[in-house]
Structure formats: C-alpha cells, structure tokens
Amino acid sequence: MEEDRTYRFSLEMVVRSLFLEGGRWRCFLAPSRSSLSQALHNSCCRKKSTTPKKIISDVTFCDESAKEPENAVDKRFSSEQQASILHVLNTASTEELEAFRLLRGRRSINIIKHRQNFGPFQNLESLMNVPLFQYKSTVQVCNSILCSKTGGDKRKLPENRFLRKLLKPDIQRERLKAANSIVSVVFGTRRIAWAHLDRKLTVLDWQQSDRWRLMKETTYSSSVYLEEISSIISKMPKADFYVLEKRALSIQNSSLFPILLHFQIVEAMLYALLNKTFAQDGQHQVLSMNRNAVGKHFELMIGDFRTSGKELVKQFLSDSVLKADPRVFFPSDKIVHYRQMFLSSEPRRVEELYDSLLQAVAFYELAVFDSEP
C-alpha cells in the first residue's frame with residue numbers, strides 16, 4: 001500500500017510538470033513504472049540544461065573583453081597625447097619600457113617583437129593586437145605613459161630607477177651633479193666615522209670618533225643621543241650633501257632589534273640636525289645610500305654578505321703616493337697623517353673608517369659621474 005501511494009504521488013508530479021508545455025495542454029498516457037523513471041530523468045535533465053544558458057548569457061553580458069567600438073582607444077586621447085604615447089611605444093627599448101610598471105615582463109618583450117614583425121604602431125588601437133593587451137589594459141598603459149613625471153617625452157629612465165634604489169629620499173640629478181663636496185658618514189655600535197671629499201675625489205678630511213657610548217644606554221635616552229651626536233656633528237665640515245650609510249637589517253630577527261633601534265635613532269638624529277635649511281627651502285641635504293650597492297660597486301660582495309674594504313682603502317693610500325693620476329687623491333700635507341691613522345687601526349676592526357671613504361667615492365662615481373655599473 002505504501003509503495004502504491006508513493007507511485008501515485010510521483011505520477012501526479014510528473015503529470016503536472018509534463019502536461020503543460022509551451023502554454024498548451026497535450027495528450028499524455030499514464031506511464032508505467034519504468035517509463036516514470038525515464039520521465040523523471042528527462043524532467044531533471046531539462047531543468048539542468050536550461051540553467052547554463054542563463055549563466056552563459058550573464059557572463060557574456062559582463063565580459064570586459066567584449067568588442068569595443070572601432071578606434072575606442074584613440075578617441076580617449078587628444079592628438080598630442082597620442083603622438084607622445086606612440087613615440088614611447090615605437091622608440092623605447094625593452095629596458096626603457098620596463099621602467100613603466102604596467103609594461104614589465106612579457107608585455108615589453110611582446111611590444112618589441114610586434115614592432116620587429118609589423119613595423120611601428122600607427123595608432124593606439126593597434127596595441128590591442130599585441131599579446132597580453134586588451135582594451136582595458138591598453139588604456140591603463142597609455143595613461144601610465146602620460147602620467148610619468150620624468151623625461152621630456154614622459155618616460156621614466158632606467159638611470160632614474162637605479163638612482164632611486166641607490167639613494168633615499170628621491171633627489172634631482174641636477175642637484176647631485178652640482179655638488180662640490182660631500183661628507184660621507186658611517187656609524188656602527190661602537191664608533192662613527194666620516195670622510196669629506198670634493199668632486200675631484202680629493203680627501204679633505206677623514207676621521208672617526210671612538211667616544212660612542214650610546215649602545216651602553218639600556219634605556220635609549222633621547223637626551224644622551226642628542227648630546228653625543230651633537231658633539232660629533234660640531235666637528236664635521238660643511239658640505240653640499242651628507243651621505244649616510246643605509247644598512248639592511250631584518251626586523252624578523254628579534255635578537256637584532258636593539259641594534260636596529262640604535263641605527264634608526266642615530267639616523268633620525270642625523271637627518272634632523274644636519275638638514276639645517278630644510279624648513280626654509282624644503283631641499284634635502286642628508287641622503288641615505290644603499291650599503292650593498294656600494295659593496296657591489298667595489299666588488300666586495302660575496303652572495304648577500306659584504307666583505308671588508310680594508311685592503312682597497314690601503315691600495316688607495318699607496319696609489320696616491322705612487323701614481324700620477326690616482327683614483328683617490330690624498331693631499332701631500334695630510335697623507336702621512338692618514339697613513340698613520342690607517343696603520344694604527346689595522347689591529348682593530350674599524351670598518352666604519354674604511355666604509356666612510358668607500359661610500360664617498362662610490363657616491364661620486366655612481367650618482368654624480370654617471371658611471372653606473
């Protein structure tokens with residue numbers, strides 16, 4: 001009895017679903033049990049088969065890659081803007097294209113290949129023929145080229161990208177080229193050293209201070225830092241720029257946190273005390289220079305670690321006496337003093353003294369004289 005009631009109920013549901021089709025009643029013969037199963041199966045299949053059609057239509061409607069009106073990209077920009085963008089796309093090398101964030105990787109390579117195979121781009125719309133470019137990405141790339149702030153043709157040059165990695169904060173190249181002298185400052189946990197060089201790489205002053213008791217202060221008192229650093233700055237000569245060594249220490253290693261905090265406080269103090277005219281003209285006189293970039297320039301890097309520059313500085317001192325045109329020039333009236341200072345420091349590790357000189361030389365050769373490696 002229970003089975004018959006189940007059969008009649010199922011039959012009634014199938015009849016209701018199949019009697020009305022297309023808005024008209026049609027003749028229907030009572031199905032057998034086997035045909036009922038087939039009818040249920042067909043009914044379920046029809047419901048499932050109709051669902052994807054709605055999904056597909058919705059996806060097609062929202063597809064961003066749907067075909068845009070002809071010349072839609074060109075109509076978004078004026079004729080002058082189009083000319084500027086096309087000039088970049090048709091003349092820039094792979095490295096220059098990669099200076100734009102949206103053109104890094106395969107996109108810049110694809111642009112170069114398209115130019116080689118089909119010639120220069122005649123309009124902005126033709127950029128959509130390049131792999132990895134659709135309407136939306138093409139418009140974004142064109143806007144990024146126009147919004148670039150460097151270069152007369154709105155391009156970001158690799159030279160400026162290198163300079164941003166080398167020095168912080170960002171600074172105009174014209175100011176660097178006009179520098180007549182700099183003071184290179186390197187500090188550690190025990191001492192601070194500085195080297196004063198002019199643009200002829202003549203060493204005007206070079207010394208260090210071992211009276212560095214800051215790391216012994218467990219409370220990191222601001223007043224102690226101010227007194228100590230102010231005393232040292234009073235001995236430093238005036239210069240166009242003061243260049244500080246920027247170390248890369250990982251904050252994930254908790255054991256290095258006291259050292260990292262020490263470096264951050266000293267750097268902040270030096271920025272505040274040496275940037276004497278910043279409030280009036282807004283021009284930075286204090287810059288931070290990437291330590292590893294200096295190491296790479298002098299081939300002192302072994303993997304991610306930098307080796308001592310002691311032997312290189314020793315060679316600079318010898319060449320200043322033996323060569324007519326040395327890389328670094330030490331005045332004759334000071335060479336004896338500097339050699340004695342160097343020899344007296346040899347038994348100890350005074351890397352700050354060596355690094356201050358190397359950093360000054362690297363600053364001129366990399367940032368001022370355009371001798372990028």
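## Salt bridges in a predicted model

Arg291 is buried, with a relative accessible area of 16%. It falls under the 20% cut-off, so the label "buried" applies. This is a predicted model.

Arg291 has a charged partner. Its side chain meets that of Asp355 in a salt bridge, at 3.1 Å from N to O. Arg291 sits in helix H12 (residues 291-297), and Asp355 sits in helix H15 (residues 351-368), so the pair ties together parts that are 64 residues apart in sequence. Asp355 is buried too, at 3% relative accessibility. The pair also belongs to a network: salt bridges with shared partners join Glu245, Arg247, Arg291, Arg306 and Asp355.

How many salt bridges does a search of the whole structure find? The search finds eight. Why can such pairs form? Side chains of opposite charge can pair when their charged atoms come close.

Three of the pairs are listed here.

| Acidic partner | Basic partner | Closest N to O |
|---|---|---|
| Asp355 | Arg291 | 3.1 Å |
| Glu245 | Arg247 | 3.4 Å |
| Glu267 | Lys246 | 3.0 Å |

Take Glu245 and Arg247. Glu245 is buried, at 6% relative accessibility. Arg247 is partly exposed, at 32% relative accessible area.

Now take Glu267 and Lys246. Their closest N and O atoms are 3.0 Å apart. Glu267 lies in helix H10 (residues 257-274) and Lys246 in strand E7 (residues 241-246), so this salt bridge ties together parts that are 21 residues apart in sequence. Is Glu267 buried or exposed? Glu267 counts as buried, at 11% relative accessibility. Lys246 is partly exposed, with a relative accessible area of 33%.

Technical notes
Residues numbered from 1 in each chain as written. Predicted model: local features only at pLDDT ≥ 70, side-chain atom pairs only at ≥ 80, totals over all residues. Heavy atoms only, no water. Salt bridge = Lys/Arg side-chain N within 4 Å of Asp/Glu carboxyl O. Buried < 20%, exposed > 50% of the residue type's maximum accessible area, 1.4 Å probe, protein only. Helix = DSSP H or I, 4+ residues; strand = E, 2+ residues; numbered from the N terminus.
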